[in-house]
Amino acid sequence: ALKLVQKGIRKDNAEAHYLMSQMFKEGISVPQNNSGYTKFLNSASALGDDDAQTELAHLYMSGNEELYITQDIRKGLELYQKAAEQGNGEALLQLGCINRDGIEGYVTQDPEKGYQYLQAAAQTGLARALFEYGYVNLYGWGCEPNINEAVRYISAAAEQEVPNAYKLSLI
């Protein structure tokens, strides 16, 4: 596996760069190494890998001293946007929650935009996205309340063992 990943890296294959980042992160076939992890995560992101962009966005949104990544909300948002444009469910989910709730000084609360992102995220089948989309439908955040849609999506999330969805589905 390592040789195949290295071959892909030599050909600037974005997914190979992302796989190598995960190998360094977890210590699979190579020693665990934070520097290697961030190096290949950055190169995979630059090559357009949506999973790398999303993972790197998470790191920028909160910062990570251990990885020498300083919090940079704007960079995180930019990376989420790039990944969302590729249909990445996690990035769509994050942008949905960010727009629904807002981030003081960075993103003005926009429930309608949040709803649109969450709807797109739910279409990817991501468990937490199913829950969040059902939740906004339940309360009418960015949309008209729709109990049928809420029950449908929250139940689907509960089937995938999302704890909050399971609690709501029991009510």
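Seven aromatic pairs occur in this structure, which is a predicted model. One of them joins tyrosine 115 and tyrosine 133: the ring centres lie 5.5 Å apart and the planes meet at 35 degrees, so this pair is tilted. It links distant parts of the chain, since tyrosine 115 belongs to helix 7 (residues 111-122) and tyrosine 133 to helix 8, with the two positions 18 residues apart in sequence. Tyrosine 115 and tyrosine 133 are both buried.

Another pair is formed by tyrosine 139 and tryptophan 141. Here the centres are 5.4 Å apart and the planes are at 20 degrees, so the pair is stacked. The angle falls under the 30 degrees used as the limit for stacking. Tyrosine 139 is partly exposed, with a relative accessible area of 44%, and tryptophan 141 is also partly exposed, at 36%. Ring pairs join Tyr139 and Trp141 with Phe131 and Tyr135 into a cluster.

**Helix 8**

Helix 8 covers residues 127-139. Its 13 residues should span 18 Å at 1.5 Å a residue, and the C-alpha atoms at its ends are 19 Å apart, which agrees. Its buried residues are Ala127, Ala129, Leu130, Phe131, Glu132, Tyr133, Gly134, Val136 and Asn137. Phe131 is thus both on the list of buried residues and a member of the aromatic cluster. Just after the helix, glycine 140 has a positive phi of about 70 degrees.

**Helix 6 and arginine 100**

Helix 6 (residues 89-101) contains arginine 100. The helix has 13 residues and reaches 18 Å from its first C-alpha to its last, close to the 18 Å expected at 1.5 Å a residue. It is mostly covered, with 11 of its 13 residues buried. These are Gly89, Ala91, Leu92, Leu93, Gln94, Leu95, Gly96, Cys97, Ile98, Asn99 and Arg100. The buried residues of helix 6 pack against helix 4 (50-62), helix 5 (73-85), helix 7 and helix 8.

Arginine 100 has a relative accessible area of 10% and is buried, because the limit for that class is under 20%. Leaving aside residues up to four places away in sequence, arginine 100 touches Gln109, Asp110, Pro111, Gly114, Leu118, Glu132, Val136 and Trp141. Among these contacts, Glu132 and Val136 are buried residues of helix 8, and Trp141 is the partly exposed partner of Tyr139 in the stacked pair.

**The loop between helix 4 and helix 5**

Threonine 70 lies in the loop between helix 4 and helix 5, and glutamate 65 lies in the loop between these helices too. Threonine 70 counts as exposed at 63% relative accessibility. Glutamate 65 also counts as exposed, at 75%. With residues up to four places away in sequence left out, threonine 70 touches Tyr60 and Gly63.

Two C-alpha separations place these loop residues relative to earlier parts of the chain. Threonine 70 and lysine 7 are 63 residues apart along the chain, and their C-alpha atoms are separated by 32 Å. For glutamate 65 and serine 21, which are 44 residues apart along the chain, the separation is 18 Å.

The accessibility values of the residues discussed individually are collected here.

| Residue | Relative accessible area | Class |
|---|---|---|
| Arginine 100 | 10% | buried |
| Tryptophan 141 | 36% | partly exposed |
| Tyrosine 139 | 44% | partly exposed |
| Threonine 70 | 63% | exposed |
| Glutamate 65 | 75% | exposed |

**The protein as a whole**

The protein has 10 helices and zero strands, and from the N terminus on its elements run α-α-α-α-α-α-α-α-α-α. Its C-alpha atoms fill a box of roughly 50 × 35 × 25 Å along the principal axes. Of the 171 residues, 44% count as buried. The accessible surface comes to about 9,600 Å², and carbon and sulfur atoms account for 48% of that surface.

Among contacts with a separation of 6 or more, 40% are between residues 24 or more positions apart. The protein carries 14 positive and 22 negative charges, and the mean positions of the two sets are 9 Å apart.

Conventions:
Residues numbered from 1 in each chain as written. Predicted model: local features only at pLDDT ≥ 70, side-chain atom pairs only at ≥ 80, totals over all residues. Heavy atoms only, no water. Helix = DSSP H or I, 4+ residues; strand = E, 2+ residues; numbered from the N terminus. Expected span 1.5 Å × (residues − 1). Buried < 20%, exposed > 50% of the residue type's maximum accessible area, 1.4 Å probe, protein only. Phe/Tyr/Trp six-rings, centres within 6.5 Å; stacked < 30°, edge-to-face > 60°. Contact = heavy atoms within 4.5 Å. Areas by Shrake-Rupley, 256 points an atom, 1.4 Å probe, with all protein chains shown as cover. Lys, Arg positive; Asp, Glu negative; His and termini not counted. Charge placed at Lys NZ, Arg CZ, Asp CG, Glu CD.
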